[in-house]
Amino acid sequence: MLNLALHVGATKTPEAVLFWFLAPLAVIAALGMLMAKKAVHSALLLAWVMITLAIFYIAQDALFLGIVQIVVYTGAVMMLFLFILMLVGVDSSDSLVENIKGQRPASIAAAIGMGGLMVTLIGRASLGRSAVGLVAANTNGNVQGLAEQLFTKYVWAFEVISALLITAALGAMVLAHSQKVRSRTGQRDLSIARFRGDSLASAAGLPSSGVFARHNAVDVPALLPDGSAAPTSISSVLKARGDMIESAIFELQPKEEEEN
Amino acid sequence: MLTAPVLNYSLLAPILVVLGGALLGVLVEAFLSKAVRPAAQLAIALGTLVLSFAQIIRVRNLTSLTAAVNSVTIDGAGVFIQGTILVLAFIALLLIADQDNFAAQASAVPGSEEERSAIATGKIQTEIFPLTLFAVAGMMLFPLASDLITLFVALEVLSLPLYLMAGLSRRRRLLSQEAALKYFLLGAYSSAFFLFGAAFLYGFSGSLSLNGIAAAITGGQGNDVFLLIGIAFLSVGLLFKVGAVPFHSWTPDVYQGAPTPITAFMAACTKVAAFGATLRIFYVGLSAAQWEWKPIITVVAILTMAVGAIAAIAQRDVKRALAFSSIAHAGFLLTGVLALNKSGLSASLFYIVAYGFTTIGAFGIVTLVRDSAGEVTDLNRWIGLGKKSPFISGMFVLFLLSFAGIPLTSGFIGKFSLFNAAYETGNITVVVVGVLASAVAAFFYLRIVVMLFFTEPTNDSVTVVIPSIMTRFAITFCALVTVVLGVYPSLLLNTTQTFANFLK
């Protein structure tokens with residue numbers, strides 16, 4: 001294990017170097033995350049911020065926390081982020097139209113003010129005493145120490161969290177799962193409908209679109225032997241969307257000579 | 001070697017029973033047929049609350065104890081608040097059980113063919129009941145939790161089901177979904193503030209328990225900057241939940257968008273739980289640092305009372321108006337936090353009970369005023385309703401008078417004892433602002449009374465539907481409590497005085 005912070009209270013040179021090297025990068029990445037126009041860039045910069053934090057955790061002897069930070073946040077949560085970005089479309093960028101006039105300058109001013117206040121406050125704060133207890137907490141190993149806390153002192157909170165997980169699962173079901181109102185028609189039902197219906201016209205299956213006509217496309221209806229168009233050959237989805245091409249122009253006109 | 005922790009499950013029984021009932025509800029969803037689900041869920045939910053209340057009665061004499069390795073404190077005020085939450089949740093469940101208020105199928109896109117067929121086939125989302133129970137369990141843990149981690153977990157357990165249920169309205173679904181999303185995002189934001197504050201308080205005191213923080217403040221070894229940042233951020237998280245100005249902006253939108261029975265549940269029970277926790281944190285954890293936080297909380301209380309009372313006047317929607325009135329009441333309750341003595345705590349407990357019943361009753365009546373498209377919340381269309389249905393309108397007026405703090409209602413006794421406690425501690429400014437805000441609010445409430453009874457009706461399509469037995473019972477019970485506590489306040493005042501103690 002890295003023993004960078006064995007003598008707690010005083011920061012050793014390697015840790016200081018590590019901090020002053022990585023901290024500015026983390027801050028720049030965090031600012032970039034806010035300013036990037038594309039969501040993917042924001043997500044990747046966020047991942048970098050999280051990895052930097054994980055390195056800091058590990059440098060401060062919180063090995064387990066650091067690893068969990070990488071595995072859970074940078075791994076699982078960030079991947080979920082990216083999956084959702086893929087669903088939404090990588091190229092889509094945020095709408096930068098202001099709904100409330102003057103909101104952006106006001107919020108930037110407020111954020112800078114808040115940040116400045118926090119920096120001056122925390123900059124003046126010191127612990128007031130030497131940090132103690134890290135060695136004692138990690139005597140039996142970092143993971144073991146955490147496990148002891150989790151399964152003795154905070155076991156009740158740990159148990160109650162299960163209620164939170166169940167609520168989350170139940171909520172996802174309520175918001176996303178839809179039960180079928182009608183039962184699905186199976187192959188057997190379709191077959192019966194085809195042969196016992198009023199006419200046997202569709203017994204051999206519906207005509208395929210386009211191919212019997214002068215065009216070969218899904219939005220052009222097939223032509224029946226008498227030269228008229230067959231609307232049933234077009235997918236109902238296309239029909240509902242209004243993407244069906246008017247079939248009249250593709251119908252075979254009876255030749256004028258024959259009429260004579 | 002680990003020694004097994006002693007959790008004292010028998011003391012945690014009230015919460016465990018509710019959690020068990022919620023789990024049973026989830027199993028019912030999975031295994032019972034659709035036809036029997038609504039009845040089964042309602043029976044389980046109501047039975048659970050009754051059983052849990054019985055556990056509270058068993059536990060109440062064992063007060064001043066800690067359970068779950070000191071992370072839960074069972075003391076008088078805690079047990080009283082738990083009992084209040086259970087009774088209020090019982091009444092609110094009766095309103096919730098009137099399923100006509102919820103989306104037939106939440107997953108169907110609003111206005112889609114799927115939604116129409118779901119309504120036509122009479123589908124209902126019975127998951128509401130286990131979700132309500134999970135929220136109740138969180139609410140019961142929140143005011144008892146005595147370390148910051150348990151507090152945070154309880155806060156999340158109570159919030160998550162509420163975020164969900166706010167989005168399940170049957171009508172005006174887009175508004176409801178927007179309310180849910182807004183509540184969720186702002187709630188997550190305030191949780192982050194709460195955690196940040198908890199981290200700083202840990203940095204200050206080296207302890208996460210309220211007692212440890214109190215000891216560190218008295219000991220005076222820690223860094224005050226850490227303490228101040230910790231108190232500030234922890235307060236932001238709490239004040240968001242109670243809906244205090246300037247963290248109130250979610251309240252009107254969410255109260256308006258959520259299904260009305262859920263608004264009733266949220267307005268009453270969440271406020272009780274959040275004030276329970278706020279009282280415990282400030283009375284037990286931070287009372288030694290009172291000179292640091294009192295000025296700020298005083299300003300917040302004054303702002304909350306003033307903004308709530310004044311903004312309510314401008315509202316045209318009855319649910320938004322009641323939301324602003326609930327903001328004003330949060331301000332009145334903050335004066336109880338500022339009092340920091342036994343009479344302040346006792347008055348707060350009384351006020352919480354009085355406010356909770358009045359709120360559920362008022363929202364219960366909102367569910368009854370309808371036209372063909374559903375609930376009518378536009379105040380202008382309520383004009384002259386008193387002539388059409390004098391009884392229901394009369395009850396609504398009773399609740400409004402109680403909100404306004406007119407004598408012979410529970411609201412008057414509540415306000416009187418709260419301001420009295422604040423006066424005892426010499427907090428004159430708050431009392432003056434409180435009385436002025438009450439006067440402004442009274443003007444608003446009386447304006448509605450005039451609209452209901454002394455204006456000729458113009459719109460004929462609005463009617464008061466005949467309530468189901470459950471709704472009727474709920475509203476009548478709330479009205480009874482409002483009157484009885486106004487006429488014989490000593491019934492409850494004596495109880496709150498016996499229970500008004502925090503174990504430090």
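A salt bridge here is a side-chain nitrogen of Lys or Arg within 4 Å of a carboxyl oxygen of Asp or Glu. Keep that one handy for the exercises below, and remember that you're working with a predicted model.

**Exercise 1. Work out whether B:Arg37 and B:Glu29 form a salt bridge or not, and whether each is buried or exposed.**

Step 1. Get the N to O distance: for the side chains of B:Arg37 and B:Glu29 it is 3.3 Å.
Step 2. Hold that against the cut-off of within 4 Å. The two side chains do meet in a salt bridge.
Step 3. Now for accessibility, where buried means under 20%. B:Arg37 has 11% relative accessibility, so it counts as buried. B:Glu29 also comes out at 11%, so it is buried as well.

**Exercise 2. Find the salt-bridge partner of B:Asp253 and say where both residues sit.**

Step 1. The partner is B:Lys182, with the closest N and O atoms 2.8 Å apart.
Step 2. Place them: B:Asp253 is in helix α10 (residues 250-257) of chain B, while B:Lys182 is in helix α7 (residues 173-205) of chain B. That's 71 residues apart, so the pair links distant parts of the chain.
Step 3. Check exposure. B:Asp253, at 23% relative accessibility, is partly exposed, and so is B:Lys182, with a relative accessible area of 29%.

**Exercise 3. Which parts of chain B does the pair B:Arg381 and B:Asp371 tie together?**

Step 1. Confirm the bridge: their side chains meet at 2.9 Å, N to O.
Step 2. B:Arg381 lies in the loop between β4 and α15, and B:Asp371 in strand β3 (residues 369-371), so the bridge ties together parts 10 residues apart in sequence.
Step 3. B:Arg381 itself is partly exposed, at 24% relative accessible area.
Step 4. While you're on bridges, pick up the network: B:Asp100, B:Arg170, B:Arg171 and B:Arg370 are joined by salt bridges that share partners. Over all chains, the count comes to 12 salt bridges.

**Exercise 4. Classify the ring pair B:Phe80 and B:Phe499.**

Step 1. A search of the whole structure turns up 26 aromatic pairs over all chains.
Step 2. In this one, the ring centres of B:Phe80 and B:Phe499 are 5.9 Å apart and the planes are at 45 degrees, so call it tilted.
Step 3. B:Phe80 belongs to helix α3 (residues 76-96) and B:Phe499 to helix α20 (residues 490-499), both of chain B and 419 residues apart. Both rings' residues, B:Phe80 and B:Phe499, are buried.

**Exercise 5. Do the same for B:Trp382 and B:Phe396.**

Step 1. The centres of B:Trp382 and B:Phe396 are 5.1 Å apart with planes at 50 degrees, so this pair is tilted too.
Step 2. B:Trp382 sits in the loop between β4 (374-375) and α15 (385-388) of chain B, and B:Phe396 in helix α16 (residues 390-404) of chain B.
Step 3. B:Trp382 is buried at 2% relative accessible area, and B:Phe396 is buried at 1%.

**Exercise 6. Describe the interface of chain A and chain B: how many residues does each chain give, and how many salt bridges cross it?**

Step 1. Chain A gives 34 residues to the contact and chain B gives 53.
Step 2. About 3500 Å² is buried between them, with carbon and sulfur atoms giving 76%.
Step 3. The rule finds 0 salt bridges across the interface, and 3 residue pairs are in polar contact.
Step 4. On the side of chain A, α4 (103-124), α6 (142-153) and α7 (155-176) each give two or more residues. The largest share, 16 residues, comes from α7(A).

Terms used: Residues numbered from 1 in each chain as written. Chains lettered and ligands numbered in written order. Predicted model: local features only at pLDDT ≥ 70, side-chain atom pairs only at ≥ 80, totals over all residues. Heavy atoms only, no water. Phe/Tyr/Trp six-rings, centres within 6.5 Å; stacked < 30°, edge-to-face > 60°. Helix = DSSP H or I, 4+ residues; strand = E, 2+ residues; numbered from the N terminus. Buried < 20%, exposed > 50% of the residue type's maximum accessible area, 1.4 Å probe, protein only. Contact = heavy atoms within 4.5 Å. Buried area = accessible area lost by both parts, 1.4 Å probe. Polar contact = N/O pair within 3.5 Å; in protein donor to acceptor, adjacent residues only side chain to side chain.
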